[in-house]
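Colleague: Got a minute? Please walk me through this chain.

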Amino acid sequence: MSEGKKGFFGRLVEGLTKTRNNIVSGIDSIFSGFSAIDDDFYEEIEETLIMGDIGIQTTMSIVEDLRRKVKELHIKEPEECKELLINSIKGQMDLGENAYEFEHKKSVVLVIGVNGVGKTTSVGKLAGQLKDQGRKVILAAADTFRAAAIEQLTEWSNRAGVEIIAQQEGSDPAAVIYDAVAAAKSRHADVLICDTAGRLHNKKNLMEELRKINRIIDKEYADAYRETLVVLDGTTGQNALAQARQFMEVADITGIILTKLDGTAKGGIAVAIQSELGLPVKYIGIGEKIDDLQKFNADDFVNALFNVRKSEAE
């Protein structure tokens, strides 16, 4: 593992401390406190996982899988179940290879999410990382509803060293996208990242706005690869899951950026999102720095959650 990767894994372990205390200490006490594997044992595991924001549906699947493996392998000791449980959780999150095609193609990335989830910051961090990979990136400030969003994105564009296309607060987001597409084409950009509004309380307006944006991209930039990422705040637990469901109603979501995983007790929501929605968590954020947004790896996440070092896991 490279130093950067090791450093991020270490920070992830640290960031998930509250979630780990919420889930793992409870799980460990069940494994050491029960002398037999019975219905009470499974019920305690269920309760602990649900309290850790892994979600009812996902928890049921994990425990069902655990019961099946215990039976198949004729396991009698509760302590022998820990590794099986870890593997069952990983299994719930396995959606095959998380695709990052947009990084290597001429593409348009729409980023949506409600205010306060770290959407604009995530756009800036992603732009910086792609620029560091040698990609030519242009940002579109299409969240024109919030004045601070345009200023914030301008600040991030300066920090990341990429161009930004912006208009005034209150201007038509679709017009900003039109200008940004024209700029991306004429300047031969590799990736156009669009920061869009996410006003879920007014879903009808949001839907119409996204339709207009998509129509412009379809017409003016038909050959560009399309990616639509929704940014969710990891600290909100089950509310993040509900938000993701609502965004899926208004847009063709291809992945999730899960922010603020450092210091939340609700990190288990990453498991529930992948398992219940079938949407890959593509990036996770565990801090304020530009490299604190990283590609998501289910194995690393669950190992960090249970504080299983990489060498132990292999």
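Modeller: We'll go from the whole chain to strands, then to single residues. This is a predicted model: local features need pLDDT of at least 70, side-chain atom pairs count only at pLDDT 80 or more, and totals for chains, interfaces and linings use all residues. Residues are numbered from 1 along each chain as its sequence is written, and side-chain values use heavy atoms, with hydrogens and water left out.

Colleague: How many helices and strands are in the chain?

Modeller: The chain has 13 helices and 8 strands. Helices (H or I, at least four residues) and strands (E, at least two) are DSSP runs, numbered from the N terminus.

Colleague: And what does the C-alpha trace span along its principal axes?

Modeller: The span is about 70 × 45 × 30 Å. The radius of gyration of the chain is 21 Å. That agrees with a compact globule, because 314 residues would then give a value near 20 Å. The radius is taken over C-alpha atoms, and the globule rule is 2.2 Å times the number of residues to the power 0.38.

Colleague: What share of the residues is buried?

Modeller: Buried residues make up 53% of the 314. Buried means under 20% relative accessible area, exposed over 50%, and partly exposed in between (1.4 Å probe, protein chains only).

Colleague: What about contacts between residues 24 or more positions apart?

Modeller: Take the contacts in the chain with a separation of 6 or more: such pairs account for 77% of them. Contact means heavy atoms within 4.5 Å.

Colleague: Let's do strands. How many residues of β6 are buried?

Modeller: In β6, residues 255-259, 5 of 5 are buried. Gly-255, Ile-257 and Thr-259 sit on one side, and Ile-256 and Leu-258 on the other. Both faces are covered.

Colleague: Why two faces?

Modeller: In a regular strand the side chains alternate between the two faces of the sheet.

Colleague: Which way does β5 pair with β6, parallel or antiparallel?

Modeller: β5 (residues 225-233) and β6 are parallel, over 5 bridges. Two strands pair if DSSP finds at least two bridges between them. Leu-232 has Leu-258 in β6 as its bridge partner.

Colleague: And what do β5, α10 and β6 make together?

Modeller: With helix α10 (residues 238-250), they make a right-handed β-α-β unit. A crossover is right-handed if, with the strands pointing away from the viewer, the path from the first strand over the helix to the second runs clockwise.

Colleague: How is β6 joined to β7?

Modeller: By 3 bridges, with β6 and β7 (residues 281-285) running parallel. Ile-257 stands opposite Tyr-283 in β7. The chain goes from β6 through helix α11 (residues 269-277) to β7, in a right-handed β-α-β crossover.

Colleague: Why is β7 largely enclosed?

Modeller: Because 5 of the 5 residues of β7 are buried. β7 also pairs with β8 (residues 293-295), in the antiparallel sense, over 3 bridges. There, Ile-284 has Gln-294 as its bridge partner.

Colleague: Switching to single residues. Where is Asp-143?

Modeller: Asp-143 is in the loop between β2 (137-142) and α7 (147-160). Asp-143 counts as buried because its relative accessible area is 2%. Its side chain makes a 3.0 Å polar contact with the side chain of Lys-119. A polar contact is a pair of N or O atoms within 3.5 Å; within protein, one must be able to donate a hydrogen and the other to accept it, and residues adjacent in sequence count only if both atoms are side-chain atoms. Beyond four places in sequence, Asp-143 contacts several residues, including Asn-115, Asp-195 and Thr-196.

Colleague: And Ser-171, buried or exposed?

Modeller: Buried, because its relative accessibility is 16%. Ser-171 lies in the loop between β3 (163-165) and α8 (173-186). A polar atom of its side chain is 2.6 Å from the backbone oxygen of Gln-168. Outside its neighbours within four places in sequence, Ser-171 contacts Thr-144 and Val-176.

Colleague: Last topic. How many disulfides does the count come to?

Modeller: The count comes to 0, where a disulfide is a pair of cysteine sulfur atoms within 2.5 Å. Cys-81 is buried, at 0% relative accessible area. Cys-194 is buried too, at 0%.
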